[in-house]
2 protein chains.
Amino acid sequence: MTLTSHQPVTLHQVAEAAGVSVSTASRALNGRAKTYRISERAVENVQREAQRLGFRPSLLARSLQSQRSGLMGVVVPDVSNPFFAAIAREVTLQAETQGMSVLLADSRETTSVETKLVDELRARRVEALVVCPVGTESQHLMDADDAGIPLVVIDRCFPETSMTSVLSDNVGGARRGLQQLLNHGHTEIGCLQGLPGTLPNQQRLTTIRQTMEEAGLTFADSLLAGDNFTEQSGYESTLQLLTSHPEISALFAFSTPNAFGALRAAEELGRSVPDDLSVVTFDDSPFADFMRVPLSTVSQDVERLGRTAAEVILKQLRTGKKPRKRTHTIPVKLIPRHSIAKVQS
Amino acid sequence: MTLTSHQPVTLHQVAEAAGVSVSTASRALNGRAKTYRISERAVENVQREAQRLGFRPSLLARSLQSQRSGLMGVVVPDVSNPFFAAIAREVTLQAETQGMSVLLADSRETTSVETKLVDELRARRVEALVVCPVGTESQHLMDADDAGIPLVVIDRCFPETSMTSVLSDNVGGARRGLQQLLNHGHTEIGCLQGLPGTLPNQQRLTTIRQTMEEAGLTFADSLLAGDNFTEQSGYESTLQLLTSHPEISALFAFSTPNAFGALRAAEELGRSVPDDLSVVTFDDSPFADFMRVPLSTVSQDVERLGRTAAEVILKQLRTGKKPRKRTHTIPVKLIPRHSIAKVQS
DNA sequence: AAGCAATGCACAAACGTTTGTGCAGAATAT
DNA sequence: ATATTCTGCACAAACGTTTGTGCATTGCTT
């Protein structure tokens, strides 16, 4: 015997059971009883029957009629990455406080998938979008923006457009991270970069160049390696840098996985951290304090990134106007641990 | 000048622009042209206009009409917990392959919120639900199950009901983890449990008792502590256990945060791991290999938990019948690292 | 030239809500 | 007793799709 999978109860059925019309039932349940003069008796009947039948208004139908889906789209490259998971969580929590629901999409670090997903979300009539773009492609985002969909991008910025951005203070972070190395006497510093071409990456690089120059040093391009924020990129770049430039005494990794890759490579090359190689990294891991080599870190406030994005977008939804502020910069925190040592002169 | 936030283009507008009726436009776009005899010319017109106007069919309207929302609900206690993030990801990826979207909800480790969220998702007419329940409450889940909504719960099991469960092999895991300690000569073993009352916790406990007895030992209730899978619970329980039972030489933590708490407490008490205290833990962290004390672990295959849940539920959706198999058990893997030492006799 | 099939489309109902309006009957006023 | 207001509700349209059916027109057959 297969259980008949019942259809959900409709307002029609409730109305019938209560002996009133659908419109009356609707108003009875939505508290419009006074303004529309529904009798007490009718209201009670309707409520009782709704209760008894387990009526749950279809938000699909409601959305269609009200032109408000109550949905928010969130697109991230990889939900299982703690960075994006934290963002997804904050946005979700904020959305829930407003009775909105979150449609979560995972772009698998693929721009074409990201484009497809944004399209899908728009088809579902999300009222707002929070996107952590994979790369530098922005057409699909501009399209959504042009269509008037409130849109916030995190950790990216497309200056020529009118989108709102939420970013960490990459300039300040890069400066302080590098300064930390300089303070310990390091002058030969390699960089493991993330995605070239993205604004955060550029900001970090130019800040590093500038800070070096201010210190009377120069940053040679050959000391820059990497093309992604993965462990693999960090590993390979470190191997390459340390073999071609053995004089390097410190590495600035632009992501925690990069740093992990660096640790692995350093170990293979017989250079121990921090004694034979100092490392400072952007990003932070909740487990950093339990690390074999506790990484000194420029820590991004991921929760605040997500929360700010959600707040900005919810405010835009409430007020109906685009926020005047295009870019929100979230402070970072320098967390010195034990992956930096004084340079041995 | 505020940009007018345009309404999305409707099929009506496309039809009008193409000079045909709405129904014709619909069929032209949905490939029903041959069976419904729409002229080539009309099809081309419609497609061209749809393209030109940027038409995106409203999935809301489509869902309402087709009685298929294409939505899948996922409820987890904390998205930013790597365990749940991985599950959310796998389900999302699977859903995306089927053109379904995922509504993500975060219950903030609160049963009442979980209930509210399940209700909300049902109102949105999700076609299926994947839930990682916070606690032992199951009424809201039974309701959904009774309503015929395909439902899979992960890491929980409610034997009296007809829901499908996906669980790690807690029995095998507990046995192998404990055996590992026994093999190293430990006999005084404390347990840091997770949520009492949940099936996984019970399975682990009874397996431990049984395995101890098989080894000719007994497991005293006073060696059991903890009431949650948090770092805090692990910390406090360890302090309590090690002070009241200093003879304890090994701890079995039921979660990684528990183990972290244990490490912190052990350090405070001046007992170093693994020399003065062995630790084995359930669960695994992607960073385990970089830990100061690389934790020996009974590793759950989180991806597979999530993927299995998604597959089971998608299959149920395709075939329309409840799966005969009520419980899916996912194997675990023992990963020996360096948190277990031979007992010093 | 009449009959008939095939072609190409429009009309309308339906999905489940919300909401503007109209219309009885009762109550009150004159 | 008649006019007016108030009360309590039902009807119908709308949101944007899909889909069953009906109806011209065209073309072919004989």
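Visitor: Which helices each supply at least two residues of the surface near DNA strand D?

Guide: This is a predicted model, so let's take it chain by chain. Chain B brings its helices H2 (22–29) and H4 (59–66) to the surface near DNA strand D. Chain A does so too, with H2 (22–29) and H4.

Visitor: And which helix gives the largest share of that surface near DNA strand D?

Guide: Helices from both chains are in the running. The top spot comes with four residues, and it goes to H2(B).

Visitor: What classes of residue make up the surface near DNA strand D?

Guide: Around DNA strand D there are 31 residues, and among those that come nearest are A:Ser21 and B:Arg27. Sort the surface by class and you get 12 nonpolar, 13 polar and six charged residues.

Visitor: Which part of DNA strand D does a backbone N or O atom of B:Leu11 lie 2.6 Å from?

Guide: B:Leu11 is one of the residues that come nearest to DNA strand D. Over on the DNA side, sugar and phosphate account for 52% of the atoms that come within 4 Å of the protein. Side chains of A:Gln67 and B:Gln65 each have a polar atom 3.4 Å from a sugar or linking oxygen. For the backbone of B:Leu11, though, the partner at 2.6 Å is a phosphate oxygen.

Visitor: Now the two chains: how much area do chain A and chain B bury between them?

Guide: Each chain puts 56 residues into the contact. Carbon and sulfur atoms carry 59% of the buried area, and the whole comes to about 5,200 Å².

Visitor: Which three residues supply more of chain A's buried area than any other three?

Guide: Together they make up 15% of what chain A buries against chain B. One of them, Arg56, also meets B:Asp119 in a salt bridge, 3.0 Å from N to O. The trio is A:Arg56, A:Leu60 and A:Phe290.

Visitor: How many salt bridges cross the interface of chain A and chain B?

Guide: There are 28 residue pairs in polar contact between the chains. On chain A's side, the residues touching chain B divide into 27 nonpolar, 14 polar and 15 charged. As for salt bridges across the interface, the count is six.

Visitor: In what sense do S2(A) and strand S2 of chain B pair?

Guide: Take one matched pair to start: A:Val102 has B:Leu104 as its bridge partner in S2(B). The two strands pair over three bridges, and the sense is antiparallel.

Technical notes: Residues numbered from 1 in each chain as written. Chains lettered and ligands numbered in written order. Predicted model: local features only at pLDDT ≥ 70, side-chain atom pairs only at ≥ 80, totals over all residues. Heavy atoms only, no water. Contact = heavy atoms within 4.5 Å. Buried area = accessible area lost by both parts, 1.4 Å probe. Salt bridge = Lys/Arg side-chain N within 4 Å of Asp/Glu carboxyl O. Polar contact = N/O pair within 3.5 Å; in protein donor to acceptor, adjacent residues only side chain to side chain. Nonpolar A, V, L, I, M, F, W, Y, C, P; charged D, E, K, R; others polar. Pairing = 2+ DSSP bridges. Near = heavy atom within 4 Å.
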